[in-house]
Amino acid sequence: MQLVVGRIGKPHGVRGEVTVEVRTDEPEARFAPGTVLRTEPGATPPPVATDEPGVPFRVPAELTIEEARFHQGRVLIAFAGIPDRNTAEALRGTLLVVDSADVTPPDDPEEFHDHQLVGLAVVTPTGERLGEVARIDHAPSSDLLVLRRPEGRTALIPFVRAIVPEVDLAGGRVIVDPPAGLLDL
């Protein structure tokens, strides 16, 4: 499974640096110089001319980080082979991904990566099936499990111990003890 760790934004300066919207808890590790990231084009950018006449620039399947730095709360990255602002502009919207098999699990047993939770069955403490985890929304106050109900509706469940007392990765389930009315919202 491919995990998105960032999305390339606008160019920064004239030497090919780009801003990156961080989508990982470990930006220092994911965006270290020398790291090779796979790409997945987001919105298809218009082709940008290269130095060779008639040959448009194409987003490469992998990008190697030459330099990364934090500047005013943003990550700025220079990739190998991206020499100028025009070429950097062609990368805009490109997703930076890693394989989930390459991601080490968290040391804390109470911490989970999103990809570990998506697809797990959601059940009550008595075993009643409520649906499955469709995705995780990261809200300011707490993370939310987006529950896909059997009838097709979705429900939001705050991912806090009082409501989600247990995550059983080996058993493929999340145990949820929702307060009355939570799933009816």
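The structure holds one aromatic pair. The rings of Phe112 and Phe159 have centres 6.4 Å apart and planes at 40°, so this pair is tilted. The model described here is predicted. Its barrel consists of six strands, and its largest nonpolar core has 20 residues.

**The aromatic pair**

- Phe112 lies in the loop between strand E6 (95-99) and helix H3 (114-117), and Phe159 lies in the loop between strand E10 (154-158) and strand E11 (166-168); the pair therefore ties together parts that are 47 residues apart in sequence.
- Phe159 is partly exposed, because its relative accessible area of 22% lies between the limits of 20% and 50%.

**The barrel**

- The six strands close into the barrel in the order E1-E2-E5-E4-E3-E6, with antiparallel pairing.
- From one strand to the next, the twist averages 50°.
- Strand E3 (residues 36-40) and strand E4 (residues 62-71) run antiparallel and are joined by three bridges.
- Thr64 in E4 is the bridge partner of Val36.

**The nonpolar cores**

- Within the largest nonpolar core, Phe31, Phe79 and Leu96 are the residues with the most contacts.
- At least two residues of this core come from each of strand E1 (2-12), strand E2 (17-22), E4, strand E5 (74-79) and E6.
- Leaving aside residues up to four places away in sequence, Phe31 touches a set of residues including Val5, Val20, Leu37, Ile65, Ile77 and Leu96.
- Another core, of 18 residues, lies apart from the largest one and has Val122, Ile136, Ala155 and Val174 among its members.

Terms used. Residues are numbered from 1 along each chain as its sequence is written. This is a predicted model: local features need pLDDT of at least 70, side-chain atom pairs count only at pLDDT 80 or more; totals for chains, interfaces and linings use all residues. Side-chain values use heavy atoms; hydrogens and water are left out. Two strands pair if DSSP finds at least two bridges between them. Helices (H or I, at least four residues) and strands (E, at least two) are DSSP runs, numbered from the N terminus. Axes are lines fitted to C-alpha atoms, for helices over the stretch in contact, and angles run from 0 to 180 degrees between N-to-C directions. Rings of Phe, Tyr and Trp (its six-membered ring) pair if their centres lie within 6.5 Å; planes under 30 degrees apart count as stacked, over 60 as edge-to-face and the rest as tilted. Buried means under 20% relative accessible area, exposed over 50%, partly exposed in between (1.4 Å probe, protein chains only). A nonpolar core is a set of buried Ala, Val, Leu, Ile, Met, Phe, Trp, Tyr and Cys residues joined through side-chain atoms within 4.5 Å. Contact means heavy atoms within 4.5 Å.
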